[in-house]
2 protein chains.
Amino acid sequence: MKDLAIGIDIGGTNTQFGAVDRGGNIIATDKVATQTHADIQLYFKDLYEGISNLLKETGLECKIIGVGVGAPNGNYYEGTVEDAPNLRWKGIINFVDEFKKLWNVPTVLTNDANAAAIGEMMYGGAKGMKNFIEVTLGTGLGSGFVVNGEVMYGNDGFAGELGHTIVNPYGRQCGCGRKGCLETYASATGIKRTVYKFLADNLKPSELRGVSFDNLSAKMITEAAERGDQIAMDSFEYTGKVLGQKLADAVAVTSPEAIFLFGGLAHSGDFIFKPTHKYMEENMLSIYRNKVKLLPSELQNKNAAVLGASALVWKELDKISETKIKF
Amino acid sequence: MKDLAIGIDIGGTNTQFGAVDRGGNIIATDKVATQTHADIQLYFKDLYEGISNLLKETGLECKIIGVGVGAPNGNYYEGTVEDAPNLRWKGIINFVDEFKKLWNVPTVLTNDANAAAIGEMMYGGAKGMKNFIEVTLGTGLGSGFVVNGEVMYGNDGFAGELGHTIVNPYGRQCGCGRKGCLETYASATGIKRTVYKFLADNLKPSELRGVSFDNLSAKMITEAAERGDQIAMDSFEYTGKVLGQKLADAVAVTSPEAIFLFGGLAHSGDFIFKPTHKYMEENMLSIYRNKVKLLPSELQNKNAAVLGASALVWKELDKISETKIKF
């Protein structure tokens, strides 16, 4: 009988889930809508049934050793999702307790970037690393810090909000209610805002002048840059500058071996890596210079978030003491 | 026979040392000059003899269980002091190896702020805390981050350089060769620079107009503020603003239970604590707001650095595995 972990990734639109073995092989995946249910209990029911059906369909003789959940504003200590700006759920949702009412298997939750960090450590480029940072560049900017081989959760389970460190206190409005957070510059949404700023500030011709803000995507900006579009290239340079400066600060605090970039914007390759690396090194204190690797995540596929969430289960079960997994 | 640890604190002018018991009682202390020796070997010899004499003078029957060293730019993994800007020693000095040639007892070294953090954890206000930040406000700004009950050393032993995160890339020149580092604003030297900026920028009367930069001290600025001097009070407000903003960033990364302020400027009481706390809260992401304590160090005496360095020895000996102490 095969041991499997269930990984659940709660996104703004869909909740992806999958069954994953110890080696990181994803046996099967499916999804349910995250926020179309009138009652959150119906969401939990749908999710549970979705997973049950998935397991039936695989036809595998398997033992589910636990459920790992990656969620925006996920609190590892409490098993809760708290005031997630990109979810419609209000207040504090105790995901782990609610889910265990339906299916009483060991369940553990963390935020999505921490889950990606654990996935990177178990199955990706951070194998064997004890100190690294995982930066997810999606709609926002998430981060997971691994210190001495363990995810840093901090006092209340919310450590690792690099996306909400301040670039400029008079800067861009952020979804968190403040101004100038890093994620308003360095994320898929951030680079869109930068494109629009540059389109407003100067008269350079650009194919992006024909695209509305709502229709603009990081992928389109990358493709424009590949065709030599100056506004697109300037926008990557600016994004890399801001991100590189703040990564240098993160290095000064945590001194990692490597920083991994994950998610949509990380697929832009050299357009994002080159300026980020350049400005990170330029802003680095001498003792760290030319030591810290800036690398693309090796979990670059659409199931990476599910893989990361499932990795959390194995990671917790490997801990001998003080485990936060709920049995 | 009493077990004692030796704590050594390497400062720019003097190297303080003392014999300390497990309870944190300092039995005796003395000092040698740090940088007047023509040859660094003579410094090590002086230091060793100073400690030997100190132990003889106490007349105690004691067993020295180890030597702990706090040093600027001290590298815990290597036992080295590397390119310390405030020391005249050039390059990389392997303090632990050199010292052990003279006296072969277990010896371990870290940077001075990490030593203070360990002292805070063992004998100060951080007893029982697993996640906190120790910020030392002296000539520069040092910091030690405790994560999951352990000092965060990072990949290369140099984690915790909060003083060299960037406030403004076009800002004040820093001793590290870059511009706008936090310590150029928030430190005893930083507030002096702020006083001089405010004296230059406006015409407010101030008793500090009669003091040269070289003669100005943080203590004099505090005393002027106590007498209602507007320039002095403005300078504290500005220092607290910059420090508070960057502490909010540090909270977003590490989510500590508390932040302790230690050293010269921390003695200025409400003048520094009030604005720092106000701006830290103002700049905090909502999930951290009103949760993180900003506290004065409870190691506020002149031997705190020696106490912290000695605490490092007990801390290392308490570790069952992976100790970096050299036997």
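Let me start with chain A, where the C-alpha centres of domain 1 and domain 2 lie 27 Å apart; I should say at once that this is a predicted model, and that everything I describe is computed from it. Domain 1 of chain A is built from two stretches, 2–118 and 302–318, while domain 2 of chain A covers 128–296.

Where these two domains touch, domain 1 of chain A contributes 14 residues and domain 2 of chain A contributes 16 residues. If we look at the domain 1 side of that contact, the elements that supply two or more residues are the strand β8 (107–111) and the helix α3 (112–123) of chain A, and the largest share, six residues, belongs to α3(A). Sorted by class, that same domain 1 side holds seven nonpolar residues, five polar residues and two charged residues.

Now to the contact between the chains. How many residues does each chain bring to it? Chain A gives 37 residues, and chain B likewise gives 37 residues. On the chain B side, the elements with two or more residues in the contact are β10 (141–147) and α6 (230–254) of chain B, and of these α6(B) provides the largest share, namely six residues. As for the chemical make-up of the side of chain B that touches chain A, we find 16 nonpolar, 13 polar and eight charged residues.

To put the two contacts side by side, then: on the domain 1 side within chain A, the largest share comes from α3(A), and on the chain B side of the contact with chain A, the largest share comes from α6(B).

How values were computed: Residues are numbered from 1 along each chain as its sequence is written. Chains are lettered from A and ligands numbered from 1 in the order in which they are written. This is a predicted model: local features need pLDDT of at least 70, side-chain atom pairs count only at pLDDT 80 or more; totals for chains, interfaces and linings use all residues. Two residues are in contact if their C-beta atoms, placed from the backbone, lie within 7 Å. Helices (H or I, at least four residues) and strands (E, at least two) are DSSP runs, numbered from the N terminus. Ala, Val, Leu, Ile, Met, Phe, Trp, Tyr, Cys and Pro count as nonpolar, Asp, Glu, Lys and Arg as charged, and the others, Gly among them, as polar. Domain bounds come from an automatic or database domain assignment.
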